[in-house]
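Biologist: Before we begin, may I see the model that we are to discuss? I should like to put some questions about its architecture.

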Amino acid sequence: LKLNEINYVPLAIMTMIIAMYINVFTSYAQETITTIEAVRLSKLAYVDSLTGLPNRYALYEAFQDMHEDKIVDYVMVFMDVNDLKKTNDVHGHEKGDELLSDVSEAIVSTFPNDNKNGIVGRWGGDEFIACIFGEENKADEFIEEFKRKIAETSHTVSIGKAVSTAKEPKDPSVAVAESDYL
């Protein structure tokens with residue numbers, strides 16, 4: 001076989017096929033990276049980094065969903081962790097973070113957070129919100145259970161609530177403001 005008799009067509013075809021596979025793989029990899037980055041940014045935008053709870057912006061969206069879904073029977077519970085500043089000043093911010101984490105764990109283990117029966121989140125700083133859909137007496141049971149859990153710790157939490165019913169509906173933002181008057 002002489003050099004000038006070599007047929008380069010199969011080699012060229014094979015090179016094109018390999019190039020196409022590389023292009024497809026690169027496009028897929030870039031799409032995957034973009035999707036992962038979008039999920040990461042979404043988490044940063046809507047999830048509190050310390051507690052893992054939805055943050056204020058996520059709660060605003062949930063309140064908008066409540067409005068659109070015409071959910072009017074609910075109880076807004078506002079929880080304010082007492083002495084966070086004192087804990088931070090005396091024992092350091094790590095202890096303050098532990099305090100917030102302990103309270104958030106009690107909230108998550110007590111209040112419904114499935115978007116069907118209720119939502120919870122960190123409003124900011126030392127403030128948390130639980131919104132329980134349905135009747136007030138059901139919410140009161142959750143509140144009492146939360147109080148029992150907090151009483152087992154060395155922490156204290158001030159709790160306020162606002163009730164919205166079909167007879168006296170409240171916009172969630174109004175309910176938050178009312179429940180904040182502890």
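Modeller: Please note that this is a predicted model. Read from start to end, the protein chain follows the pattern α-α-β-α-α-β-β-α-β-α.

Biologist: How many helices and strands does the protein chain have?

Modeller: The order of elements along the sequence is α-α-β-α-α-β-β-α-β-α. In this notation α stands for a helix and β for a strand, and the totals are six helices and four strands.

Biologist: Why is the protein chain described as more spread out than a compact globule?

Modeller: For 182 residues, the globule rule gives 16 Å. The radius of gyration is well over that value, so the protein chain is more spread out than a compact globule. Its C-alpha atoms fill a box of roughly 95 × 45 × 20 Å along the principal axes. The radius of gyration itself is 27 Å.

Biologist: What percentage of the residues count as buried?

Modeller: A residue is buried when its relative accessible area is under 20%. Across the 182 residues of the protein chain, the share that meets this criterion is 31%.

Biologist: At what angle do helix α3 and helix α4 pack?

Modeller: Helix α3 covers residues 84-91 and helix α4 covers residues 93-110. From α3, Leu84, Thr87, Asn88 and His91 meet His93, Lys95, Gly96, Leu99 and Leu100 of α4. These contact residues comprise three nonpolar, five polar and one charged. The helix axes lie 6 Å apart, and the packing angle is about 145°.

Terms used: Residues numbered from 1 in each chain as written. Predicted model: local features only at pLDDT ≥ 70, side-chain atom pairs only at ≥ 80, totals over all residues. Heavy atoms only, no water. Axes fitted to C-alpha atoms, helices over the stretch in contact; angles between N-to-C directions. Helix = DSSP H or I, 4+ residues; strand = E, 2+ residues; numbered from the N terminus. Contact = heavy atoms within 4.5 Å. Nonpolar A, V, L, I, M, F, W, Y, C, P; charged D, E, K, R; others polar. Rg over C-alpha atoms; globule rule 2.2 N^0.38 Å. Buried < 20%, exposed > 50% of the residue type's maximum accessible area, 1.4 Å probe, protein only.
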